[in-house]
Amino acid sequence: MAKSAGKIRAAELYTNLERLSRAKSHSENSDDEPLDLSALANQPIRLALDSSKTLRMKKFRAQLFYQWLAQTFEPCRAADIGGGKGLISYLLLNSGWDPVVIDPFDQPLPDKYKDITSERRVKIPPGDRVARITAEFEVEHAEGFDLLIGMHAHGCNAKIIDAAAKYGCGFVLFPCCVIDEPFYPRLGVHWLESLADYALFKKQDFFPFRLNFKGQNIGLCHVGKCRVKESSTTG
Ligand SMILES: C[S@@+](CC[C@H](N)C(=O)[O-])C[C@H]1O[C@@H](n2cnc3c(N)ncnc32)[C@H](O)[C@@H]1O
């Protein structure tokens, strides 16, 4: 029962995000006006390609997210904000991207990961590194980056949107919980919807997408100055 209620809520949330993403921007004096969802039209659901026929476990989110990034964007200079151990950056680096982890805690790369395309375990050689900035993310860090990545980036989601608005970067947000953010969702409003609304307030259009794993699997993408692959479905 609780599970199906959760599924229904996730489906409603996704539909709302799709509708929100169709709102081009707020009117000039709309800061405190609620968004009129009924005025917004539907758009197709964008699902990331994955070979698995069933939902994968949440622990593979980094690999799925990497796969989606590599399918969607041309390689670029990317800030992996709140990147933790840096697996997403490591995978991007090996695909010709120029990634930098920005995280106040300096952590080593994991020693292995599962390649979800070959379904094999891959060892990461002990000497392998990714570039890191060991600091709390600030808007000014974004200067010079094309894409700002926030996978479960605690305390950084609103700042990532601010930074994209200031420097024209693209962003991909994959939030989990609301920690140390400058605002909180109103009662009954999902954190993703609040972020979507904030992105529109900052005139950053976006589209929602969904990755193939269990749990909160919806992200928001703003293309900004990034180059999108011709084969991707963002257009
Ligand atoms: C839940 S972990 C996510 C790690 C990784 N992105 C993932 O999805 O597995 C949250 C990360 O955010 C980092 N973090 C917390 N506050 C931060 C801040 N102000 N700026 C940048 N990173 C921050 C933490 O150090 C931690 O590595």
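**A guided tour from the ligand to two exposed loops**

Begin at the ligand of this predicted model. Select the 17 residues around the ligand; those that come nearest are Gly82, Gly84, Glu136, Phe137 and His152. Colour this shell by class, and nine nonpolar, six polar and two charged residues appear.

Next, turn to the largest nonpolar core, which has 55 residues. Within this core, Phe65, Leu148 and Ile160 touch the most other members. Helix H2, residues 61-72, gives the most to the core, with six residues. Now select Phe65 alone: apart from neighbours within four places in sequence, Phe65 is in contact with Ile88, Met151, Phe174 and Leu211. As a general point, nonpolar side chains in soluble globular proteins tend to be buried together.

Move on to helix H5, residues 191-201, and select Leu192, Leu195, Ala196, Ala199 and Leu200, which are buried. Look down the axis of H5: the buried residues fall within an arc of 140 degrees, so they line one face of the helix.

Lys203 comes just after H5, in the loop between H5 and strand S8 (207-210). What is the sign of phi in Lys203? The value is positive, near 60 degrees, in a residue other than glycine. Most residues other than glycine have a negative phi. Lys203 counts as exposed because it has 10 C-beta neighbours inside 10 Å.

Finally, select Glu119, in the loop between strand S3 (112-115) and strand S4 (120-123). Glu119 is not a glycine, yet has a positive phi of about 60 degrees. Is Glu119 buried or exposed? Glu119 is exposed, with 9 other C-beta atoms within 10 Å.

Methods. Residues are numbered from 1 along each chain as its sequence is written. This is a predicted model: local features need pLDDT of at least 70, side-chain atom pairs count only at pLDDT 80 or more; totals for chains, interfaces and linings use all residues. A residue is near a molecule or strand if its C-beta atom, placed from the backbone, lies within 6 Å of it. Ala, Val, Leu, Ile, Met, Phe, Trp, Tyr, Cys and Pro count as nonpolar, Asp, Glu, Lys and Arg as charged, and the others, Gly among them, as polar. A residue is buried if 20 or more other C-beta atoms lie within 10 Å of its own, exposed if 12 or fewer, and partly exposed in between; C-beta atoms are placed from the backbone. Helices (H or I, at least four residues) and strands (E, at least two) are DSSP runs, numbered from the N terminus. The arc is that of the directions from the helix axis to the C-beta atoms. A nonpolar core is a set of buried Ala, Val, Leu, Ile, Met, Phe, Trp, Tyr and Cys residues joined through C-beta atoms within 7 Å. Two residues are in contact if their C-beta atoms, placed from the backbone, lie within 7 Å.
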